[in-house]
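Got the model open in your viewer? Let's walk through it one selection at a time.

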Protein chains: 2
Amino acid sequence: MRMAKGVEWALHTLLNLDMIGGGPVGSGQLAEAHGLSASYLNKQLQLLARAQLVVSVPGPRGGFRLARPLEAITLLDVVEAIEGGTQLFQCTEIRCCGKIGELSPPPTGVCAVNAAMRRAEQAWRQALADQSLADIRVELDGTPMVRQIVRSALT
Amino acid sequence: MRMAKGVEWALHTLLNLDMIGGGPVGSGQLAEAHGLSASYLNKQLQLLARAQLVVSVPGPRGGFRLARPLEAITLLDVVEAIEGGTQLFQCTEIRCCGKIGELSPPPTGVCAVNAAMRRAEQAWRQALADQSLADIRVELDGTPMVRQIVRSALT
DNA sequence: GAAGGTATACTCGGATAACAGCTGTCCGAGTACATAAGG
DNA sequence: CCTTATGTACTCGGACAGCTGTTATCCGAGTATACCTTC
């Protein structure tokens, strides 16, 4: 079980978009900034656009720009935009199959195993929702001249 | 991103092993209990045996039995036994690649994005570690005659 | 009748294919700009 | 000189292969049991 690489790409790219500020930036430039595949990064940016985290501008001088300030974008927003809203643990209801399933009466409540796993997953989602990209930007600002580097790399 | 199906199989199977109690049960019987593939469940049980959650008994009348009471088995134990101890978010250090990587000085601390994702993952692992299989058994005991059904299905 | 050896059947254990989803790439649709022609 | 039509180049957007990891299966190694032979 591993998170899609696109999540990492999206997070760094969103931070770069904020560092630049202003007009839209093409996926090609954003990819060169970190040595990524432009086409595949574009795919991830399309997912972010569908989730309304960025807005896409077609045509020359087009590209992507942030749809909201970083304060209004949580880690959960990005993860769900890239990965989709699916659950980590997907209950197959095997309690209803096989000999035990045949001998048991039709279950009424939620599977106890599923409930326990969802509780843990909920803690994860909550921790993701509690951190915004602005919080990460604060840590990044500790390193010197980040903004200048990003701006010179993306122009 | 989806958790391996084997985690669900392992959790239900561990609970069944406790309901039965006593002697070892073969993977074939455990698989029939929920209509699973015996060979593949056996693979998962081998992973549980390596993690010392169950002990395997070879030969006829052999099988698997719990190595510890359910109180001493957490959800995290099972997840890590099946999935391995790998992180959900694996940082590729793309901050060191591309134009930004070339222009930036060699980074000293941990990547801020990675740190934030690990914090959330830590919350998940903690929530998994806080729940033992005995807690799930308590919920299961609410449903009537679970033990009799499991025992009659596994004999 | 008892002891020992042997064959057997049943289990785990690991090595081997089949499938799905992530990863990466390509080409078409659409748009803003630049250019050139006409009034 | 200003306006307008047109061509062009650059962008997003979605459709198309490749590859890693999960899912599923099969066969060999090892052992307790049952049986048969022998004393």
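Before you click on anything, one definition: helices (H or I, at least four residues) and strands (E, at least two) are DSSP runs, numbered from the N terminus. This is a predicted model, where local features need pLDDT of at least 70, side-chain atom pairs count only at pLDDT 80 or more, and totals for chains, interfaces and linings use all residues. Residues are numbered from 1 along each chain as its sequence is written, chains are lettered from A and ligands numbered from 1 in the order in which they are written, and side-chain values use heavy atoms, with hydrogens and water left out.

**Stop 1: DNA strand C**

Select DNA strand C and show what is around it. A residue is near a strand if one of its heavy atoms lies within 4 Å of it. You should find 24 residues around DNA strand C, and A:Pro60, B:Asn42, B:Gln46, B:Ser56 and B:Gly63 come nearest. Of the atoms of DNA strand C that come within 4 Å of the protein, 56% belong to sugar and phosphate.

Which helix gives the most to the surface near DNA strand C? That is α3(B), with four residues. Colour in the other contributors too: at least two residues each come from α1 (5-20) and α3 of chain A, and from α3, β1 (54-57) and β2 (63-66) of chain B. Sorted by class, this surface has nine nonpolar, eleven polar and four charged residues. (Here Ala, Val, Leu, Ile, Met, Phe, Trp, Tyr, Cys and Pro count as nonpolar, Asp, Glu, Lys and Arg as charged, and the others, Gly among them, as polar.)

Now zoom in on some polar contacts, meaning pairs of N or O atoms within 3.5 Å; within protein, one must be able to donate a hydrogen and the other to accept it, and residues adjacent in sequence count only if both atoms are side-chain atoms. At B:Ser56, a side-chain N or O atom is 2.7 Å from a phosphate oxygen of DNA strand C. From the other chain, the side chain of A:Ser37 has an N or O atom 3.1 Å from a phosphate oxygen of this strand. B:Met1 uses its backbone instead: an N or O atom there lies 3.1 Å from a phosphate oxygen of DNA strand C.

**Stop 2: DNA strand D**

Switch to DNA strand D. It is surrounded by 24 residues, the closest being A:Met1, A:Gln46, A:Ser56, A:Gly63 and B:Pro60. Sugar and phosphate make up 53% of the strand D atoms within 4 Å of the protein.

Click on A:Met1, where a backbone N or O atom lies 3.0 Å from a phosphate oxygen of DNA strand D. Next, try A:Arg50: a polar side-chain atom sits 3.2 Å from a phosphate oxygen of the strand. At A:Gly59, look for a backbone N or O atom 3.0 Å from a sugar or linking oxygen of DNA strand D. Here α3(A) gives the most to the surface, with four residues.

**Stop 3: where the chains meet**

Hide the DNA and show chains A and B. With contact meaning heavy atoms within 4.5 Å, 57 residues of chain B touch 57 residues of chain A. The area buried between them is about 5100 Å², with carbon and sulfur atoms giving 68%. (Buried area is the accessible area, with a 1.4 Å probe, that two parts lose on being put together, summed over both.) Highlight B:Met1, B:Ile94 and B:Ile100: they supply 15% of the area that chain B buries against chain A, more than any other three residues.

How many salt bridges are there between chain B and chain A? The count is four, a salt bridge being a side-chain nitrogen of Lys or Arg within 4 Å of a carboxyl oxygen of Asp or Glu. One to display is A:Glu139 with B:Arg119, with the closest N and O atoms 3.1 Å apart. The interface also holds 24 residue pairs in polar contact, both at pLDDT 80 or more.

**Stop 4: the axis**

Superpose the chains by least squares on the C-alpha atoms of residues with pLDDT of at least 70 in both. Chain B lands on chain A with an RMSD of 0.1 Å after a turn of 180° and a shift of 0.0 Å along the axis. That is the relation of a two-fold axis. To find the axis, select B:Trp124, whose C-alpha, at 2.3 Å, comes closest to it among the residues of chain B.
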